[in-house]
Amino acid sequence: MSFKSVIEVMEYPQSIRLVASRDVPEMRVGGYGVGPLKAGDPIQVPPSIALLLISKGLAQLIQQDFISLDDLRKIHWRENKSLNELQELDRRFYVRARLSMAQLGEQEARQYEQVLRELAQARLRKLLNAVAVSPSLVDTREFLDKLPVEEEALVREVSKVAGGWLDVVGGRP
C-alpha cells in the first residue's frame, strides 16, 4: 500500500474549518465552489481545498485548529518522555499540523517540519513495537481511537503483514 497524505488524496472524512483572510470572489477550485467571502467569514472545505486557500493567503485555520510550533514541540516532548506509551492525539492531528505549517513563514515552517518528522518517527517506533507485541491491536477501538487517521491506516496495514508473516513462520498453512 502506498501512503499519501489524506490532504493529497482527499480521503479525510471531515471538512476543514477556515476563516477567510481577505475578501474572496466566487471561484472554482478543482471543481469545488468557494465564495464569495468577506474577510473573517467562516468556511468549511475539504483538506486539499483548505491547503490551496491557506497557501494562497486567502484563508487560515480557525484558532482552535491551529497547532503552533511551540504546541508541536510540547506534543513532541510529551511523546518522547515515555519510551513505550503512545500519547493520544486528535484524529485530525496530522491534517491540522500540515495545514498549520502551510500558514507559517519559510524558516518557521522548516523547523515545524523537522519537529513533526521527529514526532512521527517516535510514534512510528511505538506503533511498530505495539503491533509486533500484539498484532490484534488493530481490532481494538480503545487503541485505534487514540490515533490520528493516518496512523490507524498504518497500523491496519502493518498488522495484516505482521499477522501473515507470523502465520507463515509459525507454521500455519
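These legends accompany close-up views of a predicted model of the protein.

**View 1. The whole chain, from one end to the other.** Let's start with the overall layout: the protein has seven helices and five strands. Reading from the N terminus, their order is α-β-β-β-β-α-β-α-α-α-α-α. Along the principal axes, the C-alpha atoms fit a box of roughly 65 × 35 × 25 Å. The chain counts 173 residues, and 39% of them are buried. Among contacts with a separation of 6 or more, 67% link residues 24 or more positions apart.

**View 2. The surface and its charges.** Here the outside of the protein is on show, with about 10,300 Å² exposed. Carbon and sulfur atoms supply 51% of that area. The protein carries 24 positive and 24 negative charges, and the mean positions of the two sets lie 1 Å apart.

**View 3. The largest nonpolar core.** This core holds 18 residues. Those with the most contacts inside it are Ile 16, Leu 18, Val 34, Ile 43, Val 45, Leu 53 and Leu 99. Two or more residues come from each of strand 1 (16–20), strand 4 (42–45), helix 2 (47–55), strand 5 (59–61) and helix 4 (93–102). Helix 2 is the biggest contributor, giving four residues. A second core, separate from this one, has 15 residues, including Leu 69, Leu 89, Phe 93 and Met 101. As a reminder for both cores, nonpolar side chains in soluble globular proteins tend to be buried together.

**View 4. A closer look at Ile 43.** Which residues does Ile 43 touch, leaving aside its neighbours within four places in sequence? The contacts are Ile 16, Arg 17, Leu 18, Val 19, Val 34, Leu 37 and Leu 53. Of these partners, Ile 16, Leu 18, Val 34 and Leu 53 are also listed, like Ile 43 itself, among the residues with the most contacts inside the largest core.

**View 5. The two faces of strand 1.** Follow the side chains along this strand and two faces appear: Ile 16, Leu 18 and Ala 20 are on the covered face, while Arg 17 and Val 19 are on the uncovered one. In a regular strand, side chains alternate between the two faces of the sheet.

**View 6. The partners of strand 1.** Strand 1 runs antiparallel to strand 4, and four bridges join the pair. Within this pairing, Leu 18 has Ile 43 as its bridge partner. Strand 1 is also antiparallel to strand 5, with three bridges between them. There, Ala 20 stands opposite Ala 59 of strand 5.

Technical notes. Residues numbered from 1 in each chain as written. Predicted model: local features only at pLDDT ≥ 70, side-chain atom pairs only at ≥ 80, totals over all residues. Heavy atoms only, no water. Buried < 20%, exposed > 50% of the residue type's maximum accessible area, 1.4 Å probe, protein only. Contact = heavy atoms within 4.5 Å. Areas by Shrake-Rupley, 256 points an atom, 1.4 Å probe, with all protein chains shown as cover. Lys, Arg positive; Asp, Glu negative; His and termini not counted. Charge placed at Lys NZ, Arg CZ, Asp CG, Glu CD. Core = buried A, V, L, I, M, F, W, Y, C linked by side-chain atoms within 4.5 Å. Pairing = 2+ DSSP bridges.
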